[in-house]
Amino acid sequence: MVKHTFFLTTWYVILLLSCRVGSEYSPTDTPVDGGEDPAITEKYTRSIDIYDPTTWGPLNVHDPELFQDDDGTFYVFSTDASIGNTWQGGVQVRRSKDLVHWECLPEPALGMWDEEMKEWLGFSSDAEAYTWAPSVVKLNGRYYMYHGVIVDVPDNDNRPRAWIGLAIADTPIGPYLPADEYDPSTYSCSTVVRYTFTRTPGTIDEDCLNESGGDWSKGFGAIDPEVVFDVEGHMWLTYGSWKGGIAILELDPTTGMPIDGYPADTIENGYGTLIAGGNGIAIEGACIFQYGEYYYLFYSLGDLLYDYSIRVGRRPISEGIVGPYYDSEGRDLTTLTWEESHRYGNKILGAHQFECQYGWRNPGGQSLLITQDGRILMAHHTRTTFRESWYFYLQVRQIYFTEDGWPVANPNEYAGETLREMNPTEFAGTYKVIHTKRGTSWGFVSTYEGTQSSDEVNLEDAIETVSENVTFHPEGTISGAYQGTWSISNHYHITIQLEDNQGTLLGTYKGIVSDALDWSRIGDVERHTLTFTAFCPETGEYFFGNKE
């Protein structure tokens with residue numbers, strides 16, 4: 001993804017230096033039924049010491065990679081970024097037993113830099129180097145971490161170069177070493193694939209086949225790697241950012257390197273196949289997830305400070321894992337233009353706010369995991385409607401699939417909830433609801449601290465959708481901001497015929513109902529709630545809400 005390094009002005013640094021943690025996060029605690037656990041109630045108000053990572057908990061998490069080890073422990077690996085740039089450098093790692101209480105470790109999982117990486121990206125020293133968006137997989141009894149970054153390089157006429165590499169460790173928390181340092185007898189280098197935006201004939205650029213030829217819309221930006229195995233056991237890597245789109249290339253499962261040779265950009269046509277994006281659209285952070293009869297492509301779209309969101313497309317397993325992928329309206333995600341890119345792709349999570357509660361902006365950088373007990377979880381970062389944009393938090397949500405085979409996300413952060421048979425009488429009541437919006441409106445917006453976007457951004461994604469109230473009546477009708485009918489079947493599946501108040505049908509939405517804890521409620525209040533999350537394939541929009 002196109003990430004940024006975050007700086008505070010001097011007076012903000014002074015202010016935050018005086019802040020100390022108010023409550024500790026224990027990695028061995030379990031979710032609390034009553035919703036009174038400080039890890040939940042104080043998550044967005046607790047203070048930290050910006051120079052002490054052990055106080056950070058879920059704060060300072062960008063592009064989280066969610067991983068579960070054999071002993072059941074969960075880990076989140078994330079981008080080298082923090083408030084005031086106080087992190088010492090390298091990949092951050094957190095661990096948890098329950099996905100609620102997170103311990104941030106003070107040492108980076110990866111802080112040993114590859115010499116080829118530094119040369120390619122123009123880093124003159126280890127102190128200058130950094131990396132983004134790691135992906136971790138356990139392979140051959142070892143832990144393999146893919147990571148990458150894109151920078152403007154002085155000797156490349158200040159044009160961008162990008163690099164993805166492989167590091168290996170014996171434990172999940174590291175230390176991870178460049179592959180050729182960890183095992184020099186197997187690896188000739190640790191470079192997986194590179195990219196350059198070149199306008200300089202006669203330089204190293206000519207040796208890089210994964211180039212753009214000076215065109216912003218060409219070439220795969222070599223960042224945001226993510227590993228996936230297809231149903232036949234083949235190992236693949238997705239990567240890419242903006243420019244030419246998202247690529248997929250096959251890996252050798254014995255080494256974790258591109259199967260046709262590496263670095264992949266030195267092999268003719270070795271850098272992969274386009275599966276989504278292209279034409280310079282702001283797509284990045286892709287990962288593929290297999291469920292039922294489909295491969296699902298989750299990706300982040302937009303400018304991470306202004307109009308970021310998480311989108312989904314899918315492709316039948318019978319057609320293979322190599323794209324293209326399609327949204328629910330049948331749009332090929334490789335054919336989108338910049339102007340229409342926010343109109344298509346199913347927006348499973350975007351900017352929204354339940355009225356009079358904490359609100360969320362620019363969710364993205366997602367990863368998905370099937371836990372050992374079979375739950376499907378999505379970890380992502382988010383910015384907020386109530387703090388400066390250099391505050392970014394980890395959120396974990398449970399993912400479900402509708403009867404139509406489309407994913408929906410729990411509107412609430414994970415707190416150990418399980419699906420159960422839901423009585424319609426119990427579900428009935430008044431709800432705060434969100435109906436997602438996609439479109440092609442463009443304009444300038446500002447962050448919480450007042451920084452205006454330098455270019456026009458998509459307004460449907462930049463401006464948070466605020467909830468409205470509807471009542472689900474016991475007899476199966478809906479009134480309030482919307483009208484229509486509803487029913488529950490098969491224990492916890494909900495079907496909603498949604499209309500506006502002029503009687504126009506907005507679509508048939510199918511999803512699930514569940515217990516939940518609402519982490520976004522402010523103050524000392526009851527957080528137990530019932531929730532629903534539903535999707536309409538014909539319109540590509542989501543409808544979700546929490547009971548008041």
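Asp63 is buried, with a relative accessible area of 3%, where buried means under 20% relative accessible area, exposed over 50% and partly exposed in between, computed with a 1.4 Å probe on protein chains only. The model is a predicted one, in which local features need pLDDT of at least 70 and side-chain atom pairs count only at pLDDT 80 or more, whereas totals for chains, interfaces and linings use all residues. Residues are numbered from 1 along each chain as its sequence is written, and side-chain values use heavy atoms, with hydrogens and water left out.

Asp63 lies in the loop between helix 2 (38–41) and strand 1; helices (H or I, at least four residues) and strands (E, at least two) are DSSP runs numbered from the N terminus. The phi angle of Asp63 is near 60 degrees, a positive value in a residue other than glycine. The side chain of Asp63 makes a polar contact with that of His62 at 3.2 Å, a polar contact being a pair of N or O atoms within 3.5 Å of which, within protein, one must be able to donate a hydrogen and the other to accept it, and residues adjacent in sequence count only if both atoms are side-chain atoms.

Together with Glu284, Asp63 is covered by the UniProt annotation "active site", taken from an unreviewed entry; UniProt positions are given in the numbering used here, feature names are shortened, and annotations may be inferred rather than shown by experiment. The two residues span 222 residues in sequence, yet no two of their C-alpha atoms are more than 11.0 Å apart, so they gather at one spot. Glu284 is found in strand 14 and, at 1% relative accessibility, counts as buried. The side chain of Glu284 is joined to that of Trp242 by a polar contact of 3.1 Å. Lys243, in the loop between strand 11 and strand 12, has a positive phi of about 45 degrees although it is not a glycine, and Lys243 is buried at a relative accessible area of 3%.

The largest nonpolar core has 40 residues, and those with the most contacts inside it are Tyr146, Leu166 and Tyr239; such a core is a set of buried Ala, Val, Leu, Ile, Met, Phe, Trp, Tyr and Cys residues joined through side-chain atoms within 4.5 Å. At least two residues of this core are supplied by each of helix 3 (115–121), strand 5 (132–139), strand 6 (142–153), strand 7 (159–169), strand 9 (191–196), strand 11 (235–239) and strand 12 (246–251), and the largest share, six residues, comes from strand 6. Apart from this core lies another, of 23 residues, among them Phe289, Tyr296, Val408 and Phe544. Strand 7 also holds Arg161, a buried residue with a relative accessible area of 2%, whose side chain reaches the backbone oxygen of Trp120 at 3.0 Å.

Empty space was examined on a 1 Å grid over the protein atoms alone, where a cavity is a set of points at which a 1.4 Å probe fits but cannot get out, a pocket is an open set with protein on both sides within 12 Å along at least five of seven lines, and lining residues have an atom within 4 Å of a point. The largest pocket holds about 510 Å³ of space, a volume being the space filled by probe spheres set on the points, which are joined across faces, edges and corners. This pocket is lined by 21 residues, of which Val227, Val228, Leu368, Leu369 and Ile370 lie nearest its centre. Strand 1 (65–68), strand 5, strand 10 (226–229), strand 14 (283–291) and strand 19 (359–370) each supply at least two residues of the lining. The lining divides into 13 nonpolar, three polar and five charged residues, with Ala, Val, Leu, Ile, Met, Phe, Trp, Tyr, Cys and Pro counted as nonpolar, Asp, Glu, Lys and Arg as charged, and the others, Gly among them, as polar.

Seven cavities of 30 Å³ or more are found in a search of the whole structure, and the second largest contains about 70 Å³ of space. Its lining, which includes Lys43, Trp102, Glu413 and Trp519, comprises eight nonpolar residues, one polar and two charged.

Over residues 411–545, covered in the unreviewed UniProt entry by the annotation "domain: Extracellular endo-alpha-(1->5)-L-arabinanase C-terminal", the chain is 6% helix and 47% strand, and the end C-alpha atoms are 7 Å apart.
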